[in-house]
Amino acid sequence: MVNGVKPRYLHDPQSVTHGTWPALGARLINTAESYLRGLYSHRRLVASVAFASIAVVAYLAAFLLRFEFRIPGDQAAVIRGTLAVRGVVRVASNWVFGLGSAHWRFVGPYDVTRLVAATTLGSVVFYLLTSAVPWLPAVPRSVLVIEWLL
């Protein structure tokens, strides 16, 4: 406050007096800032959701590449039966190696090593689960290798 006058900023909806569009824009900016602050306070959860989403997309892409973009019906059933398990195993392996707590702006060789180790652990655990648990359908090993590379 300067001389009893509150400074007015562009993103302050009270300071905009030039019509409804600038006021609406200022409200949208304030709302976006508050959501981003909320996401930042839950950044590990956001990172886990992002890792799970990337794992699911890589898994689907591996099936598409393996079967040349024409997935047979029996393999579609395999995807439906194992997709959630794949996401959970990948998030768990990333959590074990602490990938959700790092600042990815400053990535070094140590972080790349942890990423490769988490990916390998997740793939091995997923393979063992689909091989050992009778109600989980078996996933082709070629799909697991392609997914690991992606």
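**Salt bridges, helix packing and a nonpolar patch**

E147 is placed in helix α5. The model described here is a predicted one, and E147 is a convenient point from which to enter it.

The E147 residue is buried, its relative accessible area being 3%. Setting aside neighbours within four places in sequence, E147 is in contact with A55, A58, Y59, A62, R86, R90 and S123. Two of these residues, R86 and R90, deserve separate treatment.

The whole structure contains three salt bridges. One of them joins E147 to R86, with the closest N and O atoms 3.1 Å apart. E147 belongs to helix α5 and R86 to helix α3 (residues 73-96), so this pair ties together parts of the chain that are 61 residues apart in sequence. Both partners, E147 and R86, are buried.

A second salt bridge is formed by the side chains of R90 and E147, at 2.8 Å from N to O. This pair also links distant parts of the chain, since R90 lies in helix α3 and E147 in helix α5, 57 residues apart. The side chains of R90 and E147 are also listed as making a polar contact, at 2.8 Å. R90 counts as buried because its relative accessibility is 6%, which is under the 20% limit for that class. The same limit of 20% places E147 among buried residues, because its relative accessibility is 3%.

The remaining salt bridge is between the side chains of R114 and D111, at 3.0 Å from N to O. Here both residues lie in helix α4, three residues apart, or about one turn of the helix. In general, an α-helix has 3.6 residues a turn, so residues three or four places apart point the same way. R114 is buried, as is D111. Returning to the other two bridges, R86, R90 and E147 are joined into one network by salt bridges that share partners. Side chains of opposite charge can pair when their charged atoms come close.

Helix α4 can now be taken as a whole. It covers residues 109-132. At 1.5 Å a residue, the 24 residues of α4 should span 34 Å, and the C-alpha atoms at its ends are 34 Å apart, so the expected and computed values agree. The buried residues of α4 are D111, R114, A118, T119, G122, S123, F126 and T130. These buried residues pack against α2 (43-66), α3 and α5. One of them, S123, is among the contacts of E147.

T130, also placed in helix α4, counts as buried because its relative accessibility is 5%. Its side chain reaches the backbone oxygen of Y127 at 3.0 Å. Leaving aside neighbours within four places in sequence, T130 is in contact with T82, L136, P137, A138 and V139.

Helices α4 and α5 also take part in a feature of the surface. A nonpolar patch of about 530 Å² is made by V107, V112, V116, V145, W148 and L149. At least two residues of the patch come from each of α4 (109-132) and α5 (141-149). Helix α5 gives the most, with three residues. W148, a member of the patch, is found in helix α5. W148 is classed as partly exposed because its relative accessible area is 35%, a value between the 20% and 50% limits. Helix α5 therefore holds both the buried E147 and the partly exposed W148.

The last stop is the loop between α2 and α3, where E68 is placed. F69 is found in this loop as well. Most residues other than glycine have a negative phi. E68, although not a glycine, has a positive phi of about 50°. F69 likewise is a residue other than glycine with a positive phi, near 65°. E68 counts as exposed because its relative accessibility is 65%, which is over the 50% limit. F69 is exposed too, with a relative accessible area of 60%.

Technical notes. Residues are numbered from 1 along each chain as its sequence is written. This is a predicted model: local features need pLDDT of at least 70, side-chain atom pairs count only at pLDDT 80 or more; totals for chains, interfaces and linings use all residues. Side-chain values use heavy atoms; hydrogens and water are left out. Patches are made of residues with over 30% relative accessible area and no salt bridge: like charges are joined within 9 Å, nonpolar side chains (Val, Leu, Ile, Met, Phe, Trp, Tyr) within 5 Å. Accessible areas come from the Shrake-Rupley method with a 1.4 Å probe; for residues, only the protein chains shown count as cover. A salt bridge is a side-chain nitrogen of Lys or Arg within 4 Å of a carboxyl oxygen of Asp or Glu. Helices (H or I, at least four residues) and strands (E, at least two) are DSSP runs, numbered from the N terminus. Buried means under 20% relative accessible area, exposed over 50%, partly exposed in between (1.4 Å probe, protein chains only). A polar contact is a pair of N or O atoms within 3.5 Å; within protein, one must be able to donate a hydrogen and the other to accept it, and residues adjacent in sequence count only if both atoms are side-chain atoms. Contact means heavy atoms within 4.5 Å. The expected span of a helix is 1.5 Å times one less than its number of residues.
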